[in-house]
Amino acid sequence: MIRVVLADDQELVRSGFAMILDAQPDIEVVGEAADGAEAIELVRALTPDVALLDVRMPRVDGLAAARTICSSTPSKVVMLTTFDSDDYVYDALYAGASGFLLKDVRRDDLVHAVRVVVAGESLLAPSVTRRLIADLTRSRPRSTPAAALDVLTSRERETLVLLGRGLSNAEIATALTVSEHTVKTHVSNTLAKLNLRDRVQAVIAAYETGLITPTNQ
């Protein structure tokens, strides 16, 4: 059973999403919060698989809540908003979120999003994420030093470059002439050494450290 916490300051939105998710045989909404502070408390107490957080909430907003939840719990985070803004997408991903949905999301897409995130994937295709982050990092200063990559082996650095370019495991295996199982090991080791939650975070790290730039991708 996939356990979910919902956080939105609009009760009708929360109850609507809860009804959709609770109707699924493999999903259970275990808690609801009206602001980011409540969301953090609920996630720490209930340790859900996924936290759905509205970007704009009182007391503690969704982005701040996402940063706290992602840095202190194993729960995955999906951001919800009515604002279709690239800056919100970037900030949500940078905070550690695994995905980003608009509140007018279709019923099936909401359910799919929860299942995808629990499976360890991101809601944005790696290639889409790569283009988005490349565009935004052009105007933002680097915040992660290149020295952070010193913990990686040369093969893990190669893997991170290919992850940053949005390649799948199968494509990375072809590029490195190794098996997909070996690629999975390299990806897992890379994420663990850099303390990254998922492949989206790996794309961000590749650009933030300058390993990939918008001109050499």
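This briefing covers the largest pocket of the structure and the helix α3 that helps to line it. The model is predicted, so local features need pLDDT of at least 70 and side-chain atom pairs count only at pLDDT 80 or more, while totals for chains, interfaces and linings use all residues. Residues are numbered from 1 along each chain as its sequence is written, and side-chain values use heavy atoms, with hydrogens and water left out.

**The largest pocket**

- The largest pocket (an open set of points on a 1 Å grid over the protein atoms alone, where a 1.4 Å probe fits, with protein on both sides within 12 Å along at least five of seven lines) holds about 450 Å³ of space.
- Its lining consists of 19 residues (those with an atom within 4 Å of a point), and Y94, L194, N195, L196 and Q201 lie nearest the centre.
- Two or more lining residues come from each of α3 (62-72), α4 (86-95) and α10 (199-208), with α10 giving the most, 4 residues.
- Because domain 1 (2-123) and domain 2 (134-209) both give residues to the lining, the largest pocket lies between them.

**Helix α3 and the loop after it**

- In α3, the residues G62, L63, A65, A66, I69 and C70 are buried (under 20% relative accessible area, with a 1.4 Å probe and protein chains only).
- These residues cover an arc of only 155 degrees around the axis, which puts them on the same side of α3.
- D61 caps the N-terminal end of α3, where a side-chain oxygen lies 3.1 Å from the backbone nitrogen of L63.
- S75 is found in the loop between α3 and β4 (76-81), and S75 counts as buried at 1% relative accessibility.

Conventions: Grid points are joined across faces, edges and corners, and a volume is the space filled by probe spheres set on the points. Domain bounds come from an automatic or database domain assignment. Buried means under 20% relative accessible area, exposed over 50%, partly exposed in between (1.4 Å probe, protein chains only). The arc is that of the directions from the helix axis to the C-beta atoms. A polar contact is a pair of N or O atoms within 3.5 Å; within protein, one must be able to donate a hydrogen and the other to accept it, and residues adjacent in sequence count only if both atoms are side-chain atoms.
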